[in-house]
Amino acid sequence: MPQDLKEQFVIQGLSGVKSLEGTITVGGAKNAVLPASAASLLSDTPLTLTNVPYIEDVLRMSELLEGLGVTIAKDASSLTLHAKEVHTSHIERESAKRMRSSVFLTGPLLARFGEARFPHPGGCVIGERPIDQFIKGFAKMGASIAHEDEWYVVRAKGGLKGVTIFFDLVSVSATETFMMAATLAQGTTVLENCATEPEVVFLAELLRRGGAQIYGDGTSTIHIEGGTLLAFTESVEVIPDRIETSSFLLLAALAGKHISIENCNPQHVRIMTQYLESTGVPLEIGGNHIRIHSNTKPNTSFISARDIRTHEYPGFPTDIQAPLTVFLTQVSGENTVFETIFENRLGYTDDLIKMGADITVWNPQKMMVRGPRKLKGRELMSPDLRAGLAFIMAAIVAEGMSVVGNAYYIDRGYQHIEQRLRAIGADIQRSKG
Ligand code: EPZ
């Protein structure tokens with residue numbers, strides 16, 4: 001097993017005491033950097049991104065792009081990507097299988113070079129992750145699709161045609177991939193039933209800065225006028241990570257005394273701030289910070305709508321479902337959680353139950369959480385990056401020591417996580433396992 005997969009976090013729990021205090025700074029959004037990196041393929045001039053988090057997925061995406069011939073210069077928090085000498089449109093198999101986000105490369109490669117060759121990006125623990133919306137959309141734009149073994153070879157030698165695509169379901173990566181492909185298609189493309197996530201709007205703004213004509217982003221219908229290669233004349237700052245922000249808010253509500261979450265965008269986490277305030281957590285919300293000063297435990301027993309359901313933006317993000325479940329184990333009340341986006345994203349609850357959580361899983365998408373229940377530290381194995389962070393949160397509020405394995409998964413999405421948590425008083429160390 002690669003060394004990085006043996007790394008783990010060792011955490012001494014606070015036994016339910018609310019003692020964390022200080023400032024925690026939010027990084028740039030992983031799910032904004034990944035499609036933005038792919039957008040570099042739409043230009044033969046360099047694209048510079050700033051406020052880039054130093055996380056594994058960004059390194060993996062950079063390796064994928066360098067494998068295509070993109071030159072990348074990076075420093076602690078910026079990337080300059082130059083797709084002038086791209087020499088292949090074949091996406092490397094191993095990296096593609098390891099990271100769903102490789103799918104972002106298909107649209108730009110096809111639009112610019114008339115071909116993209118890629119394996120099915122592969123499912124993961126949270127679901128099968130099909131790409132039917134991509135295959136259908138490329139065909140509608142005039143591409144030919146060959147499926148050999150597990151490879152897709154998609155060609156559009158005469159270029160892509162601008163068309164109207166009505167997505168069968170709301171897909172963040174499909175919305176972003178076709179927005180990128182359409183910038184180089186012939187004519188107008190209209191995308192309907194689009195995702196409206198802040199990361200979609202960020203990508204549209206980035207493409208407009210490169211000269212693309214896009215409007216309607218942030219709504220369910222987006223119009224793109226096809227044109228020539230983009231040219232990025234100034235660097236683009238990546239938006240703050242709203243999933244990190246929401247996770248830190250939940251941890252602060254459970255174990256924080258005086259916490260300031262800095263460099264965030266409160267507008268992107270309204271569902272979470274509204275929910276926490278409804279549980280009695282007082283929040284001080286500023287332009288780019290959210291502060292929590294509280295000694296009282298949150299309480300959900302007086303919330304009428306007990307049913308938490310994950311939802312496309314601006315509803316509860318599926319990526320905070322696991323941290324939110326940890327929160328629910330610690331507050332008084334009975335709450336159901338309905339995971340509507342992915343078909344298999346409750347697997348991590350077995351380990352929470354072994355820690356002492358009172359969770360009844362009714363089916364792969366629905367469960368009941370009763371709180372408060374004392375959690376006891378134990379060995380935990382992160383199944384994916386979001387559940388991994390939820391395990392760190394559970395270990396911090398638990399009694400005794402926990403070991404959270406598969407640190408690599410957590411490093412995929414959270415830069416320097418142990419340093420940032422230690423800075424607010426958590427007892428967390430990384431060990432080589
Ligand atoms: C993005 O994944 C995010 N990843 C995910 O975050 C996030 O959970 C998800 O959006 C939902 O918000 C990135 O942005 C890199 P979808 P994506 O296409 O685009 C189904 C994390 O931890 N679907 O919006 O792959 C799909 O199976 C990750 O940071 C099809 O059926 O998700 C799912 O059930 C996890 N066919 C639903 O749509 C398709 O062709 C929504 O998925 C495409 C998607």
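Which helix gives the most to the shell around the ligand? In this predicted model, that element is helix 6, with three residues. Helix 6 spans 132–140. Helix 2 (30–39), helix 7 (172–182) and helix 13 (385–397) also supply at least two residues each.

The shell around the ligand holds 24 residues. Of these, 11 are nonpolar, six are polar and seven are charged. Asp 132, Ser 171, Ser 173, Asp 319 and Ile 341 come nearest to the ligand. Polar contacts reach the ligand from both backbone and side chains. A polar backbone atom of Gln 133 lies 2.9 Å from a ligand oxygen. In the side chain of Ser 171, an N or O atom is 2.7 Å from an oxygen atom of the ligand. Ser 173 places a polar side-chain atom 2.7 Å from a ligand oxygen. On its own, the ligand has 820 Å² of accessible area, and the protein covers 89% of this.

Apart from the ligand shell, the model contains an open sheet of four strands. The strand order is 2-14-16-15, and the pairing is mixed. Strand 2 (20–25) and strand 15 (283–285) each have a single partner strand, so one side of each is left without a neighbour in the sheet. From one strand to the next, the twist averages 10°.

Strand 2 pairs with strand 14 (residues 256–262) in the parallel sense, over six bridges. Within this pairing, Thr 25 has Glu 262 of strand 14 as its bridge partner. Helix 9 (residues 242–255) lies across strand 2, strand 14, strand 15 and strand 16 (289–293). Helix 9 runs at about 165° to strand 14.

Note on methods: Residues are numbered from 1 along each chain as its sequence is written. This is a predicted model: local features need pLDDT of at least 70, side-chain atom pairs count only at pLDDT 80 or more; totals for chains, interfaces and linings use all residues. Side-chain values use heavy atoms; hydrogens and water are left out. A residue is near a molecule or strand if one of its heavy atoms lies within 4 Å of it. A polar contact is a pair of N or O atoms within 3.5 Å; within protein, one must be able to donate a hydrogen and the other to accept it, and residues adjacent in sequence count only if both atoms are side-chain atoms. Accessible areas come from the Shrake-Rupley method with a 1.4 Å probe; for residues, only the protein chains shown count as cover. Ala, Val, Leu, Ile, Met, Phe, Trp, Tyr, Cys and Pro count as nonpolar, Asp, Glu, Lys and Arg as charged, and the others, Gly among them, as polar. Two strands pair if DSSP finds at least two bridges between them. Axes are lines fitted to C-alpha atoms, for helices over the stretch in contact, and angles run from 0 to 180 degrees between N-to-C directions. Contact means heavy atoms within 4.5 Å.
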